Amino acid sequence: LFNFELSLTKKRVEGDRFEAVVLIEIPYQGLWLDSVGGKLRTTLDLSLELRDGSGDTAWQHSASFEPVLEESKAGASLKGKYVIEVPLVLESGAAGLRQGKNVLNVSLKNRTGKEELKKFLEFEINDDFDDIFRSKN
């Protein structure tokens with residue numbers, strides 16, 4: 001079953017600057033992989049969008065990743081996770097993140113299996129701002 005875990009770790013909130021890391025952990029067992037030249041591989045397309053409390057887009061990011069496993073070592077490797085870390089840096093605009101619930105929307109597509117999964121993570125920046133937020137969906 002194609003799935004992933006999503007978390008956001010705050011690094012710094014200072015004035016109008018916001019820094020965090022988006023962490024996505026994908027179990028290899030849930031990925032469709034192609035066998036090519038003794039290697040198992042796929043391409044994952046990732047899209048991230050951060051909306052502030054007003055619903056305005058504060059940040060966007062898209063990238064593709066290519067997990068590769070050696071077929072000869074696939075048995076042990078399939079028990080692990082493919083981890084993607086994406087820095088989230090707003091040079092300005094952190095004030096908008098203090099206006100209510102923010103939503104980080106994540107879309108992850110596995111090209112090989114033609115599967116797409118979307119998740120979101122809600123968080124607020126206030127005096128009780130936690131350092132780590134995890135998706136509950």
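Which strands make up the open sheet of 3 strands, and in what order? Keep that in mind while you get your bearings; this is a predicted model.

**Start with the whole chain**

Show everything as a cartoon. You should find 2 helices and 11 strands. Trace the chain from its start and the pattern reads β-β-β-β-β-β-β-α-β-α-β-β-β. Switch to the C-alpha trace, and its span along the principal axes is about 50 × 25 × 25 Å.

Now turn on a surface. The chain exposes about 7,700 Å², with carbon and sulfur atoms supplying 44% of that area. Of the 137 residues, 38% are buried. If you like looking at contacts, take those with a separation of 6 or more: 64% of them join residues 24 or more positions apart.

Color by charge next. There are 19 positive and 23 negative side chains in the chain. The centres of these two sets lie 5 Å apart.

**Select 34–36, 39–41 and 68–70**

Here's the open sheet from the opening question: its order is 3-4-7, and the pairing is antiparallel. Strand 3 (34–36) and strand 7 (68–70) are the edge strands, each pairing on one side only. From one strand to the next, the twist averages 30°.

Zoom in on strand 4 (residues 39–41) and strand 7, which are joined by 3 bridges in the antiparallel sense. To see a facing pair, pick Arg41: opposite it in strand 7 stands Val68. If you show the backbone here, remember that strands of a sheet pair through backbone hydrogen bonds.

**Select 102–123**

This stretch takes you to strand 9 (residues 102–110) and strand 10 (residues 115–123), an antiparallel pair with 9 bridges. Together the two strands form a hairpin, with 4 residues between them. Stop in the turn and click on Lys114, whose phi is positive, at about 55°. Then move to Leu108 and look across to strand 10, where Leu117 is its bridge partner.

With side chains switched on, look along the strands: in a regular strand the side chains alternate between the two faces of the sheet.

**Finish at Asn102**

Asn102 lies in strand 9. Is Asn102 buried or exposed? Its relative accessible area is 0%, so Asn102 counts as buried, the cut-off being under 20%.

To see what surrounds Asn102, leave out residues up to four places away in sequence and show what it touches. Leu50, Arg51, Asp52 and Gly53 are among its contacts. So are Gly96 and Leu97, and the list also includes Leu121, Glu122, Phe123, Glu124 and Ile125.

Terms used:
Residues numbered from 1 in each chain as written. Predicted model: local features only at pLDDT ≥ 70, side-chain atom pairs only at ≥ 80, totals over all residues. Heavy atoms only, no water. Buried < 20%, exposed > 50% of the residue type's maximum accessible area, 1.4 Å probe, protein only. Contact = heavy atoms within 4.5 Å. Areas by Shrake-Rupley, 256 points an atom, 1.4 Å probe, with all protein chains shown as cover. Lys, Arg positive; Asp, Glu negative; His and termini not counted. Charge placed at Lys NZ, Arg CZ, Asp CG, Glu CD. Pairing = 2+ DSSP bridges. Axes fitted to C-alpha atoms, helices over the stretch in contact; angles between N-to-C directions.
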